[in-house]
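Here are some short exercises to work through with the model open beside you. Try each task before you read its solution.

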Amino acid sequence: MTLQRPASITDAFLQKLVSRVPSTSGGTWKLTEVYSGEVLVELPQSTPADIEQAFASARKAQHEWAKWPLSKRLAVFKRAHKLFLDNAVTTTDLIQVESGKNRRMAIEESCDPPMVMSHYIKRAPKLLASTKRGGPVPFLTTSTEIRQPKGVVGVIAPWNFPFATGMSDAITALIAGNGVVLKPDNKTALSPLYGISMLEEAGLPKGLFQVVCGEGPDVGPTLIDNANYVMFTGSTATGRVIGERAGRNLIGCCLELGGKNPMIVLDDANMDETVQGAVFGVFGNTGQICMHIERIYLPESRYDEFKTKFVAAAEALKVGASYDFGPEMGSLVSPDHKDRVQSHVEDAVAKGATVVTGGKARPDLGPAFFEPTILEGVTKDMLAGATETFGPVVALHRYSTVDEAVALANDTEYGLNASVWGADLSRAESVARRIESGNVNINDILATAFASKGTPSGGVKQSGVGARHGDQGLTKYTDVQNLAVLKKQVMGARPGQDYDAYVKGMLSGLRMMRKTRIR
Ligand code: NAD
């Protein structure tokens, strides 16, 4: 049976979307529908000169944009919020055709930019307002902290959440008064292109938000060399390359990278809820969520109970290619990525691990499908034991003491997300605080942390530098200007002044300040 594509996915619509991508060379990349492997559209590929031109246009528009009062800028995003929700189904169609994820994950992804918009529409006026700090000499001096936009921000986005990462990070940079040049992954450029068209429909000035396309190593250097700040989401290996180049250019960057995220089940956990959480944590988005779970640590006393229920749930999952809400798990993003996931499983088995369930590709379902897979006996000398697999594959481990579980959870170079399950919340929280991870969820996998837009969310160790969300998620896109005023010439020695008197006066001034300011 041939798969019926969503009605919104017409050739004319796709052509219109990709016409925004500059390409003076005329080179293209074949963007495919994941479920069938058929070419959907030829995606233009940008040359270094195209990228430079994109920055020049964004910079010109940004000079005007930064002069707009904040309330006028925010009005654009209030309108965009409505448009993003009104068009969520079309966005979902695009996310699904280009990424192969199941429909539930695609529609949930479409909701992230509206959540980010509503948070910063409320919060930005406070965060971007000038703040009087007071100068060194009371009454005679002032110092004001002023937030200036960085200029043009380069945003580099991955394929696993192309709309959420491509849009939400860019929108935050725009709210702060910047222009943006976005480089999506070639495989998943359609949904962000649609997002930009909705932002322009909402009143975003044309030219302010540019998009360039190409393979990362071709586009990356010119993009970073022209940007005033880089927001990167992707693998730890690429993050290192981006960070090095940003460092050489002395520009700031935020790096949101990979994980090898642990889940610790405590002996008092509600097992049915824990299993349900693990099913989402491991198989949600076909295991391609940076915050998803790849290692589960269980107390000896509950291991068999968890394993029986979890394996049954994994085997009952409906896996398939469909643009309706039927399948509970969709495809991996590409045949290449499927091969990578498979290689992790094969390597583990060759080194002594056991496949409890799954472990195989499913070419009968589509070119990039892989079974929900549960392993036992995974050790750190295996690829799946030490590095991110980024697929529907998890390893089960036993522990005998909570200290051992914490030590095992921390025995990784990553530190992006962790999940702790237990009925005694204060005990679970004390375990959570000992985990070296930028995010830790109790009795949840990731949604509670990621959807808390008021709290910074980022990785520690090799999982990243900086954070999105929270106050710093916006202020990182600004430079601070310290605007200082001296109302009367009172500071420093005057020519011909008696230095003994000057020193005495200065020290007594400091003593007075100690009395009034330090209590
Ligand atoms: P990737 O690092 O291969 O690619 C990410 C983006 O960087 C793509 O657009 C790619 O084209 C581009 N790129 C690649 N090489 C580049 C270079 N030299 N210069 C500039 N750009 C370059 O990652 P991926 O495989 O697309 O995405 C999956 C990874 O992303 C996983 O490791 C996942 O954990 C991580 N991720 C992290 C977060 C987070 O918030 N921490 C969120 C989503 C995904």
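The exercises below deal with cysteines, domains and a pocket in this predicted model.

**Exercise 1.** Work out how many disulfides the structure holds, and check Cys-254 and Cys-290.

*Solution.* Start with the count: there are zero disulfides. Next, take Cys-254, whose nearest cysteine sulfur belongs to Cys-253 and sits 7.7 Å away. A disulfide would need the two sulfur atoms within 2.5 Å. Cys-254 is buried, at 1% relative accessible area. Then turn to Cys-290: the closest cysteine sulfur is that of Cys-254, and because 12 Å lies between them, they are too far apart for a bond. Cys-290 is partly exposed, with a relative accessible area of 23%.

**Exercise 2.** Describe how domain 1 and domain 3 meet.

*Solution.* First, fix the bounds: the domain assignment gives 11-257 + 471-478 for domain 1 and 489-519 for domain 3, with domain 2 at 261-452. The C-alpha centres of domains 1 and 3 are 50 Å apart. Now look at the contact, where six residues of domain 1 touch four of domain 3. Together the two domains bury about 360 Å², 73% of it on carbon and sulfur atoms. On the domain 1 side, Pro-136, Val-137 and Leu-140 supply 66% of the buried area, more than any other three residues.

**Exercise 3.** Where does the second largest pocket lie, and what lines it?

*Solution.* Begin with the volume, about 470 Å³. The lining has 16 residues, and those nearest the centre are Val-137, Gly-505, Met-506, Gly-509 and Met-513. By type, the lining splits into 10 nonpolar, five polar and one charged. Finally, domain 1 and domain 3 both contribute lining residues, so the pocket lies between them.

Definitions and conventions. Residues numbered from 1 in each chain as written. Predicted model: local features only at pLDDT ≥ 70, side-chain atom pairs only at ≥ 80, totals over all residues. Heavy atoms only, no water. Buried < 20%, exposed > 50% of the residue type's maximum accessible area, 1.4 Å probe, protein only. 1 Å grid on protein atoms, 1.4 Å probe; cavity = no way out; pocket = protein on both sides within 12 Å on 5 of 7 lines; lining within 4 Å. Points joined across faces, edges and corners; volume = space filled by probe spheres on them. Nonpolar A, V, L, I, M, F, W, Y, C, P; charged D, E, K, R; others polar. Domains from an automatic or database assignment. Contact = heavy atoms within 4.5 Å. Buried area = accessible area lost by both parts, 1.4 Å probe.
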